[in-house]
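Visitor: I should be grateful for a close look at a single part of this protein. Please take the pockets as the subject and set out in detail what forms them.

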Amino acid sequence: MKIKMSREEAKQMLKMFQVPHFTNTRSYITVCKVDEEWVKEILPAPLEPDEPIVTFALSKGDQFSGLVCGLQCRYKDIVGSWGLAYVMDTDLAVIYGREGLAEPKKLGITTVQDDGKKYVGTVSRFGQEVLRIEADIKGAGPEGMGGGSMDNFHFKYSVKADGSGLEPIHLIDSHFENTAADPVVMENCTVQLTDTPFDIYGQIPVKEVAACFAATLDMRGSAKYLAEVDEEDFLPYAFFKYDDYRMTMSVE
């Protein structure tokens, strides 16, 4: 990697953010119903509640392996998923998603075990397992299952260098068109969540599993800005995508 690229090389790099393309991604998707009052309590404006659903998608792919966890909601006429907790197994994937798409990505360890009969997916951070999903693989699913459009809402911002507040905050829509292949459906799915000082998983009030399935996805993305967000209103939400630095440093 060059310190200084030519202008043409830099424009070519920008294209990597304009039209991300993730190939051969085997995604294990668990859809859970959650408590409606919790959704109303934690959802930041201008997002509004939709169906009280949280989705956990553990993936293994050519470019990354990781977790995407989001809460279904809407902005005006767009129904999508507000990113709650993303985990990737390489800093390359973490940096790309956080810098470009404002995804709440953290570095961690994800595992997917699939022997054709049983699926087990896990997420661990700081040596502690924070998510475990187990299910029985029932058989082939309907053609195209898992494909179609997918919208993810993220808040793009940074903390000011002097710590006095936040840089301008924008709600963005990270949109993907997915082509799905080789779907399977699963049953007898269980989800175990653990709360830690650094992660939010144990705070998600799962009531029941609504669906569990897997498919191999080809994902083509784009993103757009939706709205500017008031700093004072958003400040209480600004740090869920960080680890709790109060646990690792002190301020006199």
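Guide: Helices and strands are DSSP runs, of at least four residues for a helix and at least two for a strand, numbered from the N terminus. The model under discussion is a predicted one.

With that definition in hand, the second largest pocket may be described. Helix 2 (36–42) and strand 4 (78–88) each supply at least two residues of its lining. This pocket holds about 610 Å³ of space. Its lining comprises 20 residues, and those nearest the centre are Ile 200, Phe 239, Phe 240, Tyr 242 and Arg 246. By character, the lining of the second largest pocket consists of 13 nonpolar, two polar and five charged residues.

The largest pocket encloses about 1000 Å³ of space. Among the 47 residues that line the largest pocket, Val 68, Met 150, Asn 152, Phe 176 and Met 219 are the closest to its centre. Strand 3 (residues 65–75) provides the largest share of this lining, namely seven residues. The lining of the largest pocket divides into 26 nonpolar residues, 18 polar residues and three charged residues.

One further residue merits a separate account. Asp 199 is located in the loop between strand 10 (169–193) and strand 11 (206–229). Because its relative accessible area is 5%, and buried means under 20%, Asp 199 counts as buried. Its side chain makes a polar contact with the side chain of Arg 125, at 3.0 Å. Apart from neighbours within four places in sequence, Asp 199 is in contact with Lys 106, Arg 125 and Val 130.

How values were computed: Residues numbered from 1 in each chain as written. Predicted model: local features only at pLDDT ≥ 70, side-chain atom pairs only at ≥ 80, totals over all residues. Heavy atoms only, no water. 1 Å grid on protein atoms, 1.4 Å probe; cavity = no way out; pocket = protein on both sides within 12 Å on 5 of 7 lines; lining within 4 Å. Points joined across faces, edges and corners; volume = space filled by probe spheres on them. Nonpolar A, V, L, I, M, F, W, Y, C, P; charged D, E, K, R; others polar. Buried < 20%, exposed > 50% of the residue type's maximum accessible area, 1.4 Å probe, protein only. Polar contact = N/O pair within 3.5 Å; in protein donor to acceptor, adjacent residues only side chain to side chain. Contact = heavy atoms within 4.5 Å.
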